[in-house]
Amino acid sequence: MEDIYQKADALVMAIRESDEYKDYHKYLALIKQNEELYNHVNEFRKRHFAIQNNESVRMGYAEYEELAELSRELRKNDLVSAFLDAEIGLGRLVQEVHQKLMTGIEFDGDFLG
């Protein structure tokens, strides 16, 4: 079992050495230098995350339009746009690793629908 944890640690290190990870943390550090901007971006991220990860949240058209407009406004700032793109890139990398792991161990996810 110890070997599994060592390999998990090696995977974490490999992710930390990836361009996706480095870009995410580079832009995160830059955004954090402006507290107001960081708070504004985090409010968007919080709302977007809640919608993406909560099946019970149903977004109406007006709410969708409001979130889309907020995204467009935030992305006018090149730094914010680069950060959000980097966050998506790191998220995709983690999702792909997760999918590979779950497929590799033949985890039965049929109950998820």
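# Exercises on a predicted helical model

Tyrosine 21 is buried, with a relative accessible area of 17%. Here buried means under 20% relative accessible area, exposed over 50%, and partly exposed in between (1.4 Å probe, protein chains only). This is a predicted model: local features need pLDDT of at least 70, side-chain atom pairs count only at pLDDT 80 or more, and totals for chains, interfaces and linings use all residues. Residues are numbered from 1 along each chain as its sequence is written, and side-chain values use heavy atoms, with hydrogens and water left out.

**Exercise 1. Place tyrosine 21 and list its contacts.**

Step 1. Find the element. Tyrosine 21 sits in helix α2. Helices (H or I, at least four residues) and strands (E, at least two) are DSSP runs, numbered from the N terminus.

Step 2. Look for contacts, meaning heavy atoms within 4.5 Å. Setting aside neighbours within four places in sequence, tyrosine 21 is in contact with Ile15, Arg16 and Leu90.

Step 3. Check a distance. Tyrosine 21 and glutamate 69 are 27 Å apart in space, C-alpha to C-alpha, and 48 residues apart in sequence.

**Exercise 2. Describe helix α5 from its start to what follows it.**

Step 1. Take its length. α5 has 27 residues and reaches 39 Å from its first C-alpha to its last. That is close to the 39 Å expected at 1.5 Å a residue; the expected span is 1.5 Å times one less than the number of residues.

Step 2. Go to the start. There, a side-chain oxygen of asparagine 77 comes to within 2.8 Å of the backbone nitrogen of leucine 79.

Step 3. Study leucine 79. This residue belongs to α5. Leucine 79 is partly exposed, with a relative accessible area of 24%. Not counting residues up to four places away in sequence, leucine 79 touches Tyr27, Leu30 and Ile31. The C-alpha atoms of leucine 79 and tyrosine 38 are separated by 11 Å, with their positions 41 residues apart along the chain.

Step 4. List the buried side. The buried residues of α5 are Val80, Ser81, Ala82, Phe83, Leu84, Ala86, Leu90 and Leu93. Their cover includes α1 (2-16), α2 (19-32), α3 and α4.

Step 5. Move past the helix. Glutamate 106 lies in the segment after α5. Its phi is positive, about 55°, although glutamate 106 is not a glycine. Glutamate 106 is exposed, with a relative accessible area of 71%.

**Exercise 3. Work out what lines the largest pocket.**

Step 1. Fix the term. A pocket is found on a 1 Å grid over the protein atoms alone, as an open set of points where a 1.4 Å probe fits, with protein on both sides within 12 Å along at least five of seven lines. Lining residues have an atom within 4 Å of a point.

Step 2. Read the volume and the centre. The largest pocket has a volume of about 740 Å³. Of its 20 lining residues, the closest to the centre are His48, Phe49, Gln52, Glu87 and Ile88.

Step 3. Assign the elements. α3 (35-53), α4 (61-75) and α5 (78-104) each give two or more residues to the lining. α3 gives the most, with eight residues.

Step 4. Sort by class. The lining has nine nonpolar, six polar and five charged residues. Ala, Val, Leu, Ile, Met, Phe, Trp, Tyr, Cys and Pro count as nonpolar, Asp, Glu, Lys and Arg as charged, and the others, Gly among them, as polar.

Definitions and conventions:
Grid points are joined across faces, edges and corners, and a volume is the space filled by probe spheres set on the points. A polar contact is a pair of N or O atoms within 3.5 Å; within protein, one must be able to donate a hydrogen and the other to accept it, and residues adjacent in sequence count only if both atoms are side-chain atoms.
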